[in-house]
Amino acid sequence: MSLPDAPLKLRPRFWGLLASLLLTCATGCATTPYVYQPPLITSPELDFSEEEPQIVRGKPRPVIDGIGWVVGIPGKVLLWDRRIDNHKISPETEAAIADYLEKNGLDQVKVRLNEYDPLGEWKRLRRNKAVGWGWRYTAGTLTALSYTLLPGRIIGGDNYNPFTNTISLYSDHPAVALHEGGHSKDFGARKWKGTYAVVTAIPGVSLWPEAIATSDALSYLEAEQNYSGEADAYEVLYPAYATYIAGAATPFMPYSDLIIKAGAVIPGHLVGRWKAREVQQEALARKQSTSEIQQVHWEEPASPAAAEGSSDQGEIQQVGGP
């Protein structure tokens with residue numbers, strides 16, 4: 001099968017898979033009730049000392065970050081959001097992931113905001129005893145090498161590394177940060193973390209943890225009643241999930257991958273915007289309902305006794321009148 005013919009031959013199967021998965025998500029990726037602080041399987045060696053912050057920010061490097069911004073243009077176009085891989089994380093995005101980690105008890109997860117620290121990642125790989133040593137020094141070593149040789153500070157790509165329990169963020173988008181937080185929460189509750197990481201890296205199977213992380217981010221925003229954030233999340237996480245589907249469908253087609261993603265992301269955007277509009281309408285309906293309840297409460301008499309007193313006073317005045 002030649003590369004130019006491959007997308008055409010894969011098209012019926014691929015679009016069927018895409019439609020079914022997007023339709024499944026369209027019925028509601030946000031699940032309720034939301035579960036805060038699930039039982040986590042952790043490693044004491046990853047506890048932070050008083051001098052070590054959980055969230056660290058890379059120093060500004062205008063030239064390097066400028067190159068990274070240009071390299072990230074395809075992601076910005078695919079997800080139609082200039083905040084993707086912009087290598088400039090705002091305090092709002094930092095606060096969003098910090099709040100998420102605190103409320104879910106994820107106090108051992110390291111967050112690197114546009115930071116490149118290979119030595120720190122190698123140390124965390126060695127200390128993360130929650131992952132078996134066999135997986136740490138095989139698959140985990142490969143992830144550490146990838147982080148070292150292909151610095152996200154330039155090539156971008158927000159991610160969570162289960163072997164070092166580290167979130168690396170290069171996009172200034174709260175929903176993207178929460179999605180990566182969802183990965184850390186998913187892996188945090190797994191007993192066989194290394195096996196789970198390797199198995200879910202298989203094309204096709206990888207869609208499962210991505211769906212979990214997306215659902216958790218959306219459910220968290222719904223539980224927090226952050227409706228504007230939830231609507232914003234639908235608009236970026238749904239098309240992002242469509243790109244995961246495209247990547248899973250074309251694992252051995254590097255030259256056609258971007259073309260397939262460009263086609264797959266369209267229904268993702270459509271469904272995402274539809275869901276975002278639903279959230280906005282529901283938020284507006286809640287606001288109007290609350291306003292009406294408050295208005296009715298305001299117009300009601302303070303108490304039956306007060307109402308009766310007011311009526312008696314009126315009768316007295318009427319009797320005493322001419």
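Two residues are in contact when heavy atoms of theirs lie within 4.5 Å. With that in hand, let us start at one glycine and work outwards through this predicted model. Leaving aside its neighbours within four places in sequence, glycine 182 is in contact with Tyr100, Ala213 and Asp216. Glycine 182 itself belongs to helix α9. The pair formed by glycine 182 and tyrosine 100 is worth a look: 82 residues separate them in sequence, while their C-alpha atoms are 9.1 Å apart in space. Is glycine 182 buried or exposed? Its relative accessible area is 2%, and because buried means under 20%, glycine 182 counts as buried.

Now step back to the whole chain. The protein chain holds 14 helices and four strands. It has 322 residues, and 44% of them count as buried. Among the contacts with a separation of 6 or more, 76% are between residues 24 or more positions apart.

The four strands make a good next stop. They form an open sheet in the order β1-β2-β4-β3, with mixed pairing. Strands β1 (55-57) and β3 (159-161) stand at the edges; each has a single partner strand, so one side of each is left without a neighbour in the sheet. From one strand to the next, the twist averages 20°. Helix α4 (residues 91-103) packs on this sheet, where it touches β1, β2 and β4, and its direction makes about 160° with that of β1.

How does the mixed pairing arise? As background, strands of a sheet pair through backbone hydrogen bonds, either parallel or antiparallel. Here, strand β2 (residues 110-113) and strand β4 (residues 166-169) run parallel and are joined by four bridges. One position to find on screen is lysine 110, which stands opposite threonine 166 in β4. On the other hand, β3 and β4 pair in the antiparallel sense, over three bridges. Threonine 166 turns up again there, as the bridge partner of asparagine 161.

Strand β4 also shows its two faces clearly. In a regular strand the side chains alternate between the two faces of the sheet. In β4, Thr166 and Ser168 point one way, Ile167 and Leu169 point the other way, and all are buried.

Follow the chain back from β4 and you meet a hairpin: β3 and β4 are linked with four residues between them. Asparagine 165 sits in that loop between β3 and β4. Its phi is positive, about 55°, although asparagine 165 is not a glycine. Asparagine 165 is also buried, with a relative accessible area of 11%.

Asparagine 165 leads us to some empty space inside the model. A search of the whole structure finds one cavity of 30 Å³ or more. The largest cavity contains about 140 Å³ of space. Its lining is made up of 19 residues, of which Ile41, Thr42, Asn165, Gly188 and Lys193 lie nearest its centre. Helix α9 (residues 174-188), the helix of our opening glycine, gives the largest share of that lining, with three residues.

Turn next to the second largest pocket, whose volume is about 220 Å³. Which residues lie nearest its centre? They are Pro60, Asp65, His87, Lys88 and Asn114, out of 15 residues that line this pocket. Helix α2 (residues 62-71) contributes the largest share of the lining, four residues. Histidine 87 deserves a moment of its own. It is found in the loop between α3 (73-79) and α4. Its phi is positive, near 55°, in a residue other than glycine. At 4% relative accessibility, histidine 87 counts as buried.

Our last stop is helix α11 (residues 207-223). At 1.5 Å a residue, its 17 residues should span 24 Å, and the end C-alpha atoms are 24 Å apart, which agrees. Twelve of the 17 residues of α11 are buried, so this helix is largely enclosed by the rest of the structure. Among the buried residues are Leu207, Pro209, Tyr220 and Leu221. Ala213 and Asp216 are buried as well, and these are two of the contacts of glycine 182 met at the start. After α11 comes glutamine 225, with a positive phi near 55°.

Methods
Residues are numbered from 1 along each chain as its sequence is written. This is a predicted model: local features need pLDDT of at least 70, side-chain atom pairs count only at pLDDT 80 or more; totals for chains, interfaces and linings use all residues. Side-chain values use heavy atoms; hydrogens and water are left out. Two strands pair if DSSP finds at least two bridges between them. Axes are lines fitted to C-alpha atoms, for helices over the stretch in contact, and angles run from 0 to 180 degrees between N-to-C directions. Buried means under 20% relative accessible area, exposed over 50%, partly exposed in between (1.4 Å probe, protein chains only). The expected span of a helix is 1.5 Å times one less than its number of residues. On a 1 Å grid over the protein atoms alone, a cavity is a set of points where a 1.4 Å probe fits but cannot get out, and a pocket is an open set with protein on both sides within 12 Å along at least five of seven lines; lining residues have an atom within 4 Å of a point. Grid points are joined across faces, edges and corners, and a volume is the space filled by probe spheres set on the points.
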